[in-house]
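Here's a quick briefing to read with the model open beside you. We'll start at one of the protein–DNA contacts and work outwards from there.

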Number of protein chains: 2
Amino acid sequence: MSDRTEQTDAIDKLEVWCAGEEWCPVTTTATLIGKKWHPVIVHRLLEHGPSGFNELKENVDGISSKVLSDSLDDLGEKQLVDREIISEKPVRVRYSLTDHGESLKPVIYAMRDWGLEHITESDDRNSSIV
Amino acid sequence: MSDRTEQTDAIDKLEVWCAGEEWCPVTTTATLIGKKWHPVIVHRLLEHGPSGFNELKENVDGISSKVLSDSLDDLGEKQLVDREIISEKPVRVRYSLTDHGESLKPVIYAMRDWGLEHITESDDRNSSIV
DNA sequence: CTGAATCCTAAAGGATACTG
DNA sequence: CAGTATCCTTTAGGATTCAG
């Protein structure tokens, strides 16, 4: 209902965070996804689409319930991820990216691409990425 | 001299970090620049080119000496930033991006672009990015 | 000017167990 | 299935001071 209000709050927080300088767009983004698991979670949601809790946990791999839960809360507050209850009994939930979250695609994919290139570099030492 | 060795070490660390899964390129990148100030530091070096310590500190703005120093050490270990002493007396140092660090440009710029778009949204509430 | 050394606090992350 | 609740450890970050 009052999702406009919540969003405004989130944006206010950002402005505070970026104060001290003629605010920095890089910092803005870093603040949102600069947690250990955030980029991976967003990536998995981009790749696999809307997912249940445990499904997501499997895909992320290595994350504990608590941390995943915390991370999803945080991503929710930041309007990047949406949580939808799709069944009461048994409880079934579906996490998906909001439009806002979806818009991070270029960032996440840039990260993915960089990772791809630079790990390859170690396997394939003679590749000349230069 | 043995910079090849150091680089191999850094990459080994990454591989360890990414173990537990058929390694994840997103995580790889997140591990490297997923610290509070790392993206900003790299960004400033991209924008302003090679910089002295205090110059960099000014450009980053809001960071303490200790944290900047720690961050630069870390970025150095990861072969993203190079440190060069250009004068002994008085001590003058120049930090610059390695090729490796320079290659992060698309990632950092993707972050910057996202930040630009999504803060504008708050100033200019009626803009329809949709 | 360029940091290193200390000390401290807050926050993030993780292990484990349990619940509706 | 989808979490919460605890508890604990680690680490990041920050303030301040000192030094080459």
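Start at B:Ser69, where an N or O atom of the side chain sits 2.6 Å from a phosphate oxygen of DNA strand C. Keep in mind that this is a predicted model. The surface near DNA strand C draws two or more residues from each of α5 of chain A and α4 (53-60), α5 and β2 (91-97) of chain B.

**Around DNA strand C**

- There are 14 residues around DNA strand C, and those that come nearest are A:Lys36, A:Lys66, B:Ser69, B:Arg83 and B:Tyr95.
- A:Lys66 puts a polar side-chain atom 2.8 Å from a base oxygen of this strand.
- A:Lys35 goes for the backbone of the strand instead, with an N or O atom of its side chain 2.9 Å from a phosphate oxygen of DNA strand C.
- If you look at the atoms of DNA strand C within 4 Å of the protein, 72% are sugar or phosphate and the rest belong to bases.
- β2(B) gives the most to this surface, with four residues.
- Sorted by class, the surface near DNA strand C comes out at six nonpolar, two polar and six charged residues.

**Around DNA strand D**

- DNA strand D is surrounded by 16 residues, and the closest are A:Arg83, A:Tyr95, B:Lys35, B:Lys36 and B:Lys66.
- On the base side, B:Lys66 has a side-chain N or O atom 2.7 Å from a base oxygen of DNA strand D.
- On the phosphate side, a polar side-chain atom of A:Ser69 is 2.8 Å from a phosphate oxygen of the strand.
- A:Val93 joins in through its backbone, with an N or O atom 3.2 Å from a phosphate oxygen of DNA strand D.
- Of the strand D atoms within 4 Å of the protein, sugar or phosphate accounts for 66%, and bases for the rest.
- At least two residues each come from α4 (53-60), α5 (65-77) and β2 (91-97) of chain A and from α5 (65-77) of chain B.
- β2(A) gives the most here, with four residues.
- The class count for the surface near DNA strand D is six nonpolar, four polar and six charged.

**Helix packing in chain B**

- Helix α3 (residues 38-48) of chain B packs on α5(B) at an angle of about 80°, and the two axes are 10 Å apart.
- Angles of 65 to 115 degrees count as roughly perpendicular, so α3(B) is roughly perpendicular to α5(B).
- From α3(B), the contact takes in B:His38, B:Ile41 and B:Val42, while α5(B) brings B:Leu68, B:Ser71, B:Leu72, B:Asp74 and B:Leu75.
- Those contact residues split into five nonpolar, two polar and one charged.

**A look at B:His48**

- You'll find B:His48 in helix α3 of chain B.
- B:His48 counts as partly exposed because its relative accessibility is 44%, and that class lies between the buried limit of 20% and the exposed limit of 50%.
- From B:His48 to B:Lys78 it's 30 residues along the sequence and 21 Å through space, C-alpha to C-alpha.

**Chain A overall**

- Chain A has seven helices and two strands, and along the sequence they run α-α-α-α-α-β-β-α-α.
- Of its 130 residues, 45% count as buried.
- Among contacts in chain A with a separation of 6 or more, 46% link residues 24 or more positions apart.

Definitions and conventions: Residues are numbered from 1 along each chain as its sequence is written. Chains are lettered from A and ligands numbered from 1 in the order in which they are written. This is a predicted model: local features need pLDDT of at least 70, side-chain atom pairs count only at pLDDT 80 or more; totals for chains, interfaces and linings use all residues. Side-chain values use heavy atoms; hydrogens and water are left out. A residue is near a molecule or strand if one of its heavy atoms lies within 4 Å of it. A polar contact is a pair of N or O atoms within 3.5 Å; within protein, one must be able to donate a hydrogen and the other to accept it, and residues adjacent in sequence count only if both atoms are side-chain atoms. Ala, Val, Leu, Ile, Met, Phe, Trp, Tyr, Cys and Pro count as nonpolar, Asp, Glu, Lys and Arg as charged, and the others, Gly among them, as polar. Axes are lines fitted to C-alpha atoms, for helices over the stretch in contact, and angles run from 0 to 180 degrees between N-to-C directions. Angles under 35 degrees count as roughly parallel, over 145 as roughly antiparallel, 65 to 115 as roughly perpendicular and the rest as oblique. Contact means heavy atoms within 4.5 Å. Buried means under 20% relative accessible area, exposed over 50%, partly exposed in between (1.4 Å probe, protein chains only).
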